[in-house]
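Trainee: I have a model to go through. Can we take its helix packing and its cores in turn?

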Amino acid sequence: MSDDHLAERHHQLRAQVRQFAESRVAPRVPDMERTSVVETELASAVAQRGWIGVTIDKAYGGMGAGHLAKTIIIEELSRVSGAMGAIAQASQLGVAKIIHFGNEQQKQHWLPQIAAGSCLPTIAVTEPEAGSHVLGMQMTARLKGDHYVLNGRKQYVGNSHIGDLHGVVARTGQGSQGLTAFLVEADRPGLTLAPHTPHLGLHGFSFGELHFTNCRIPMANRLGLEGQGLDVAYSSSVLYGRPNLTAVALGIHQAILEQTIRFTRERIRYGSQLHNLLNIKVKVGQLHSRVMTARLAAYHAAHLLDTGAACDAELMNAKVTNVELALDSARAAMEIHAAAGLHGDAPLSRYLRDAHHIFAPAGTSDVQWLRLADFALGQHKDQWSQRLSTAPTPPALAVDGERA
Ligand SMILES: Cc1cc2nc3c(=O)[nH]c(=O)nc-3n(C[C@H](O)[C@H](O)[C@H](O)COP(=O)(O)OP(=O)(O)OC[C@H]3O[C@@H](n4cnc5c(N)ncnc54)[C@H](O)[C@@H]3O)c2cc1C
């Protein structure tokens, strides 16, 4: 599925987001890069446009536009600023747990606020002892009367410093059935934030630490049943995390391609544009090919998700393909730019640093390849994309490939 197969509404959405990104986000990028301060104003501006609620059903005030539309929003923001794409995706990711595991009361209460842009949700799973190995989790939630009491630490939580509602998974027992998920308001007593520290890239995005000390959570804030925490964590990561990070990588990749084309046109060597050197021209062709392949994988997986088809393998493939090809292209582009790519404030230096941030979240490349091998060898279990399908009707395809 290429750009040509998108529906008119997708093209319109892309134009809107691109206009916003170029007019509002681009002018802020130099400051975000220089200061690394968490970007709150643009995060609100994105949320107020309804883009965090892109997958929320219209009945709850959302756009009800699905995963392909979400991909386009993240891609277009990331093309201009990886940090801005990361901010949007982390909150869109936070929506998944409420859509799939929230009870009707929780949905009625939170989804309209998220859709309106007045509440930014997050998902907090990772701990110092639990990254890829989710079951290594040690944070506890003890039931005391009509409350749970949370103690422990979460790290690398996307939008840690701007999130209003954290989705927190903690231990209520032993083993894989001993995890439970909770909705924790950012201002709840007992929850504190470690100071924001700058990272290699994604300047303006926060993915920091949440500390819980005897943090009391009412029973009404439990998400799903006791023991369903692993399902909440996996469903968020598989159904939203993978396509979202895919889209961030795609946006950065597109930016690498555009920057490199610009550079090879402007740079004169041997009395001619740089792309007239055949090895440079071949590299530009390879860059273009990688972006096209990456985009196909991304849109195809998101489209399948929208139709309710089983597509866990496609989602993994989209993530690993987009991350790996973007990193390959970042290296090739650096070689084309030679010394000019090394300036701290050169756009390419930013893209290279930002692209490295997309490797770990929602599963490293090795983890994706291991799971893909499970599929190839027939060793995989049931698929999240099918278990939690929200497709309203069986996927009848219209002529242009969009769900009718
Ligand atoms: C930009 C960014 C945003 C993030 N956002 C969030 C968020 O919103 N919420 C959240 O909870 N977390 C978030 N994270 C954390 C992210 O989920 C973890 O980084 C990820 O799960 C990997 O964990 P880790 O970094 O501890 O690496 P580890 O799991 O310690 O992995 C270290 C190395 O071991 C390898 N490895 C691990 N397990 C296996 C295995 N089973 N087989 C073979 N190799 C293996 C990995 O491939 C890697 O090379 C974010 C991280 C980043 C960088």
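Trainee: How are α3 and α5 oriented to each other, and why?

Mentor: Keep in mind that this is a predicted model. The axes of α3 (residues 41-48) and α5 come within 10 Å and cross at roughly 55°. Angles under 35 degrees would count as roughly parallel, and 65 to 115 as roughly perpendicular. The two helices, α3 and α5, are therefore oblique.

Trainee: Into which classes do the residues of the contact of α3 with α5 divide?

Mentor: α3 brings Leu-42, Ala-43 and Val-46. α5 brings Met-84, Ile-87 and Ala-88. The division is six nonpolar, no polar and no charged.

Trainee: What is the division for the contact of α4 with α8?

Mentor: The axes of α4 (residues 66-80) and α8 (residues 278-307) come within 6 Å and cross at roughly 145°. Among the α4 residues in the contact are His-67, Thr-71 and Glu-75. The α8 side includes Arg-295, Tyr-299 and Asp-306. The contact divides into five nonpolar, four polar and three charged.

Trainee: Which helix gives the largest share of the largest nonpolar core?

Mentor: That core has 71 residues, with Phe-20, Val-46 and Leu-77 among those with the most contacts inside it. The largest share is twelve residues, and they come from helix α5 (residues 82-101).

Trainee: Which residues does Leu-77 touch, leaving out those up to four places away in sequence?

Mentor: Leu-77 is one of the residues with the most contacts inside the largest core. Beyond four places in sequence, Leu-77 touches Val-17, Phe-20, Ala-21, Val-46, Met-84, Gly-85 and Ala-88.

Technical notes
Residues numbered from 1 in each chain as written. Predicted model: local features only at pLDDT ≥ 70, side-chain atom pairs only at ≥ 80, totals over all residues. Heavy atoms only, no water. Core = buried A, V, L, I, M, F, W, Y, C linked by side-chain atoms within 4.5 Å. Buried < 20%, exposed > 50% of the residue type's maximum accessible area, 1.4 Å probe, protein only. Helix = DSSP H or I, 4+ residues; strand = E, 2+ residues; numbered from the N terminus. Contact = heavy atoms within 4.5 Å. Axes fitted to C-alpha atoms, helices over the stretch in contact; angles between N-to-C directions. Parallel < 35°, antiparallel > 145°, perpendicular 65-115°, else oblique. Nonpolar A, V, L, I, M, F, W, Y, C, P; charged D, E, K, R; others polar.
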